[in-house]
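I opened this notebook to keep a record of what I looked up in the structure. The entries follow the order in which I went through it.

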Amino acid sequence: MPVADLFGQLEQILPSVAKPIQYVGGEVNAVLKDWDAVAVHWALMYPDVYEVGAPNQGVQILYEVLNERADTLCERVYAVWPDMEEQLRTRGIGAFTVDGHRPVAAFDLLGVSFSTELGYTNLLTTLDLAGIPLHARDRSDEPLVIAGGHAAFNPEPIADFIDAAVLGDGEEAVLGITDIVADWKAAGSPGGRDEILLRLATAGGVYVPRFYDVDYLPDGRIHRVAPNRPEVPWRVAKHTVMDLDEWPYPKAPLVPLAETVHERASVEIFRGCTRGCRFCQAGMITRPVRERSITTVAEVVTNAVARTGFEEVGLLSLSSADHSEIADIAKGLADRFEGTNTSLSLPSTRVDAFNIELANELARNGRRSGLTFAPEGGSERIRAVINKMVSEDDLIRTVTAAYSAGWRQVKLYFMCGLPTETDEDVLQIARLAREVIRAGRQASGRRDIRCTVSIGGFVPKPHTPFQWAGQLGAAQTDARLALLRDAIRGDREVGRAIGFRYHDGRPGIIEGLLSRGDRRVGAVIEQAWRDGARLDGWSEHFSYDRWLAAAQVALADEPVDVDWYTTRERDEAEVLPWDHLDAGLDRQWLWDDWQDALAEVAVEDCRWSPCFDCGVCDQLGTEIQVGPTGQVLLPMPVLPT
């Protein structure tokens, strides 16, 4: 039956909210389908506001993949600003999609792509506005809430709020889920919600938290995580799309109506990374490396420019200059767009992969923006710990070449709070920045050289060698940042040429709580949300004190607290909340790499060296069990009582 279009009601309140254009929809390349002409209805959410979510490539790809199916429609959902939330609640209007302005509660599935854990409270806001019970156990006919994205590799903190989670690449996964839901609906939805979730859980690659029980030890650690249904696997494996050329998306990128954080077309040139940076969850969980061919990259880029009118194209990956054909890609695209003012850009570039010829090709047809490099650590010692093997000589040589070739602005990205870090390691950042300015002035013969130092707080992440590490406390992080700030600003010779940007340590502690939390953290999230937590990724909305107060209430009867989840170091035997979720990485390999980090031992990129047996390329180990339905059961760690 037809589903109501809420735009008539929304139109009355748009003049009274900020940036109303973000709720209007109808962008170039947006898709709107007949509700009754399809079998399966997806609402796809990026849990942040439109200006952040609209350019997100993962959502755009899945939006296209789903809408290409004749039997499926997909519409987009974003978080709303507090003023719109207030208006919706006052007028009794539910959460809506921006494409058809249809109520979220009417859809079959609500897919939520989490790139950061700080979006969890935005999901709760959307569920509540939609009239969907917060807790999965209380739902019956409401949409299936399915989490994805990098943060879904540990969905335990939101296990109470989601029906399922998909690990890894989404292109094939969403189509498989759609097939299962379509068949179930065509059969009359037998067995209700429990039956469709069981079908998803046994199909492979979909984790359904309700089918797993967690037991705890008296000291708060996990004893074990075990399935409570014989049909479901002991461990859930990630999805991996092996041939990116078969998925040349986005074919028709959306052109946002409102200003967004990225005003460009984005094309992924390869997926995965084997550089082995120990802090980098994205690099670990997206292995193995899979490159798009130079032909497919050219086709996708050309199509994106033609369909959008953007004058900048971002060639995206975790380390784009590592593409084996990057020089030919850049030259070929620069030749193709000669005279069109269409520029190409890369994300932050590794110092040891950068060269002036590549940079000149990227900037040939457009503006010459600043260059961004990410040494991550200030001292060579700490860079060995994190396996970011970039020497100071490499950095000075690279920035000298850039300044000599006409660039005037370089941005350097570092982290604070890395394992084994000392005050001296952080102060080395100031010295390195000063050397960059001096080298740039000498190479260019000019004094208008600028270097911006940007500092992010380190947060240990699941499925990385640092998943066992203790996190630096907020006060200690702030103290080190103050030392660094004073060291930079106190240099009269070059201090004014160095910009300094940083965030205080408090948001990182909450991110750490959410990233390595277990199911008990769900109560903290809910309490913080009920106390007003919204848009926690925005500094003007984030409240550290609110989160700490929520944790004190929610964990009052538990033998754990915020410090237990964040600043505490784990030992090898401890069962981690995500051990039953398989990112393809061998747990022993991760532990051994953690020990190498503590010993300041670096390892090479396995694309160009012998295999280090991380497990991704051969997930079938020696300890194999086969379940009653033929699925592979991998042994689960269990802590002795």
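**Entry 1: helix H5**

I began with helix H5, residues 120–130, and found that 10 of its 11 residues are buried, so the helix is largely enclosed by the rest of the structure. I note at once that I am working from a predicted model. The buried residues in H5 are Tyr120, Thr121, Asn122, Leu123, Leu124, Thr125, Thr126, Leu127, Leu129 and Ala130. Just after H5 comes Gly131, and I noted that its phi is positive, near 80°.

**Entry 2: aromatic rings**

I then searched the whole structure for aromatic pairs, and the search returned 12. One of them joins Phe114 and Tyr120, whose ring centres are 5.1 Å apart and whose planes stand at 80°; since an angle over 60 degrees counts as edge-to-face, I recorded the pair as edge-to-face. Phe114 is buried, with a relative accessible area of 1%, and Tyr120, which I had already met in H5, is buried with a relative accessible area of 1%. I also looked up Tyr207 and Tyr212, which form a tilted pair with 5.1 Å from centre to centre and 55° between the planes. Both Tyr207 and Tyr212 are buried. Elsewhere, ring pairs link Phe458, Phe466 and Trp594 into a cluster.

**Entry 3: strand S2 and its sheet**

Which strands make up the open sheet, and in what order? I read the order as S2-S1-S3-S4-S5-S6, six strands with mixed pairing. S2 and strand S6 (206–207) stand at the edges, each with a single partner strand, so one side of each is left without a neighbour in the sheet.

At the S2 edge, I found that strand S1 (residues 40–46) pairs with S2 in the parallel sense over seven bridges, and that Trp42 stands opposite Cys74 in S2. At the S6 edge, strand S5 (residues 164–166) pairs with S6 in the antiparallel sense over two bridges, and Val166 has Val206 in S6 as its bridge partner.

Are the residues of S2 buried or exposed? Seven of the seven residues of S2 (residues 72–78) are buried, so the strand is largely enclosed by the rest of the structure. I reminded myself that in a regular strand the side chains alternate between the two faces of the sheet. In S2, Thr72, Cys74, Arg76 and Tyr78 point one way, while Leu73, Glu75 and Val77 point the other way, and all are buried. For Arg76 I added that its charged end sits over the ring of Tyr63, 5.2 Å from the ring centre.

**Entry 4: cysteines**

How many disulfides does the structure hold? I found zero. Cys74 counts as buried at 1% relative accessibility, and Cys273 counts as buried at 13%. For Cys273, the closest cysteine sulfur is that of Cys277, at 6.2 Å, which is too far for a bond, given that a disulfide requires the sulfur atoms to be within 2.5 Å.

**Entry 5: Ser319**

I looked up Ser319 next and placed it in the loop between strand S13 (312–316) and helix H10 (326–336). Ser319 counts as buried, at 4% relative accessibility. Its side chain is joined to that of Asp322 by a polar contact of 2.7 Å. Leaving aside residues up to four places away in sequence, I listed Phe270, Arg275 and Arg350 as the residues that Ser319 touches.

**Entry 6: Arg568**

My last entry concerns Arg568, which lies in the loop between helix H19 (562–566) and strand S19 (581–582). What lies under Arg568? Arg568 lies over the face of Trp564, at 3.9 Å from the ring centre. Its relative accessible area is 19%, and because buried means under 20%, I recorded Arg568 as buried. A polar contact of 2.9 Å joins the side chains of Arg568 and Glu574. Glu574 also appears among the residues that Arg568 touches, together with Ala469, Gly470, Arg516 and Asp563, not counting residues up to four places away in sequence.

How values were computed:
Residues are numbered from 1 along each chain as its sequence is written. This is a predicted model: local features need pLDDT of at least 70, side-chain atom pairs count only at pLDDT 80 or more; totals for chains, interfaces and linings use all residues. Side-chain values use heavy atoms; hydrogens and water are left out. Buried means under 20% relative accessible area, exposed over 50%, partly exposed in between (1.4 Å probe, protein chains only). Helices (H or I, at least four residues) and strands (E, at least two) are DSSP runs, numbered from the N terminus. Rings of Phe, Tyr and Trp (its six-membered ring) pair if their centres lie within 6.5 Å; planes under 30 degrees apart count as stacked, over 60 as edge-to-face and the rest as tilted. A charge sits over a ring if NZ of Lys or CZ of Arg is within 6 Å of the ring centre and within 35 degrees of the ring normal. A polar contact is a pair of N or O atoms within 3.5 Å; within protein, one must be able to donate a hydrogen and the other to accept it, and residues adjacent in sequence count only if both atoms are side-chain atoms. Contact means heavy atoms within 4.5 Å. Two strands pair if DSSP finds at least two bridges between them.
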